[in-house]
Structures are given as C-alpha cells and as structure tokens.
Amino acid sequence: MNKISPSNSDAQAAAVRELNDRFRNTLAGGTVVLTAAVIALGRAAQREIISQVRTFSDFNEANDPFGEHDFGAFTSAGERLFFKIDYFNLDMTAGSENPADATITTRVLTIMCATDW
C-alpha cells in the first residue's frame, strides 16, 4: 500500500491521520476484518478488543513512524493483538494513489492476534 514517506508534507500525513482516527473511532467509512484467531476468542473478547482498538491512543515513534495512526499493538485478557489500516482504491483492486483523499480511498482495518503476524 502507499505510505506517507518522511519527504511527504506534514499536511498530507495529518489528513491521513485524521481519516484513520475517524475510521478507527467510529468503524464507519471502511471495512473491518477480524482474523480467524480473533474470532476464535469469542464474542465477549471481540467486543472488548474492538473497544480497545476504537480508543487506542498509544501512538509513538516505534509503532507510528509516519504519523498516520495506522497500526497499534495492545494486550487484552492476556492476548497480544495488533490492528492495521491499509489503503485501497475504491474497487479494492490496488492500493490507493492518495490515502489522504477519502473520495478515492477505501480503508480496511484488520484486527489480528500477534500469532497471526
């Protein structure tokens, strides 16, 4: 997928970050995917995990080097989990040419157990 590189503008990174945060917080405007390992944890665990993804705020240089808020890692009920937002074109056949432009980008949020990685 296209990434914001350090040479891209701060304004573009801020736009991507805002769109990612809005999607992650509301789960509206994209697709959410749970891996089989997350599904196997059961509905109660899934509800808690999704809640933690929606409220995640521990972004730092190690997990967010481009300032996009597109990845996070956390622990829920002893299980290490990751989430990742990827950017696709509208028909989801290729990466988005510009993740900062919501009119040409479909976001996909994948929630996975660390063992899925």
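**Exercise 1. Find the residue of strand 4 that stands opposite T31, and describe how strand 1 and strand 4 pair.**

Solution. Start at T31 in this predicted model. Across from T31, in strand 4, you will find V108. Now widen the view to the two strands. Strand 1 and strand 4 pair over five bridges, and the sense of the pairing is parallel.

**Exercise 2. Work out the strand order of the sheet and say which strands stand at its edges.**

Solution. Step one is the pairing of strand 1 with strand 4, which is parallel. Step two takes you from strand 4 to strand 3: these run antiparallel and are joined by eight bridges. As a landmark here, look for L81, whose bridge partner in strand 4 is C113. Step three goes from strand 3 (residues 79-88) to strand 2, an antiparallel pair with six bridges. The landmark this time is A73, with F82 of strand 3 as its bridge partner.

Put the steps together and you read the order 1-4-3-2 in an open sheet of four strands, with mixed pairing. Strand 1 (30-34) and strand 2 (71-76) are the edge strands; each has a single partner, so one side of each has no neighbour in the sheet. From one strand to the next, the twist averages 20°.

**Exercise 3. Which strands does helix 3 touch as it packs on the sheet, and what angle does its direction make with that of strand 2?**

Solution. Follow helix 3 along the sheet and note its contacts: strand 1, strand 2, strand 3 and strand 4 (106-113) are touched. For the angle, compare the direction of helix 3 with that of strand 2, and you get about 140°.

**Exercise 4. Decide how many residues of strand 4 are buried, and sort them by the way they point.**

Solution. Begin with the directions. T106, V108, T110 and M112 point one way from strand 4, while R107, L109, I111 and C113 point the other way. Next, check burial, for which the cut-off is under 20% relative accessible area. Both sets pass, as all of these residues are buried. That gives eight of the eight residues, so strand 4 is largely enclosed by the rest of the structure.

Take T110 as a test case. T110 belongs to strand 4 and, with a relative accessibility of 17%, counts as buried. Leaving aside residues up to four places away in sequence, T110 touches V33, T35, F82, F83 and K84.

**Exercise 5. Describe how helix 1 and helix 3 are arranged with respect to each other.**

Solution. Two packed helices are described by the angle between their axes and the distance between the axes. For helix 1 (residues 10-26) and helix 3 (residues 43-55), the axes come within 7 Å and cross at roughly 155°. Angles over 145 degrees count as roughly antiparallel, which means helix 1 is roughly antiparallel to helix 3. The crossing of these two helices is left-handed.

Then look at who meets whom: R24, N25 and T26 come from helix 1, and V53, R54 and T55 from helix 3. By type, the residues of this contact are one nonpolar, three polar and two charged.

**Exercise 6. Is L19 buried or exposed, and which residues does L19 touch?**

Solution. First place L19: it is in helix 1. Its relative accessible area is 15%, so L19 is buried. Not counting residues up to four places away in sequence, the contacts of L19 are P99, A100, D101, A102 and R107. For a distance across the sequence, take I85, which is 66 residues from L19 along the chain and 11 Å from it in space, C-alpha to C-alpha.

**Exercise 7. Compare the loop residues L27 and A77 by phi and by exposure.**

Solution. Recall that most residues other than glycine have a negative phi. L27 is not a glycine, yet has a positive phi of about 60°. A77, also not a glycine, has a positive phi near 50°.

Now locate them. L27 lies in the loop between helix 1 and strand 1, and A77 in the loop between strand 2 and strand 3. Finish with exposure: L27 is partly exposed at a relative accessible area of 25%, whereas A77 is exposed at 85%.

Terms used:
Residues numbered from 1 in each chain as written. Predicted model: local features only at pLDDT ≥ 70, side-chain atom pairs only at ≥ 80, totals over all residues. Heavy atoms only, no water. Axes fitted to C-alpha atoms, helices over the stretch in contact; angles between N-to-C directions. Parallel < 35°, antiparallel > 145°, perpendicular 65-115°, else oblique. Left-handed = near helix turned anticlockwise from the far one by under 90°. Contact = heavy atoms within 4.5 Å. Nonpolar A, V, L, I, M, F, W, Y, C, P; charged D, E, K, R; others polar. Pairing = 2+ DSSP bridges. Buried < 20%, exposed > 50% of the residue type's maximum accessible area, 1.4 Å probe, protein only.
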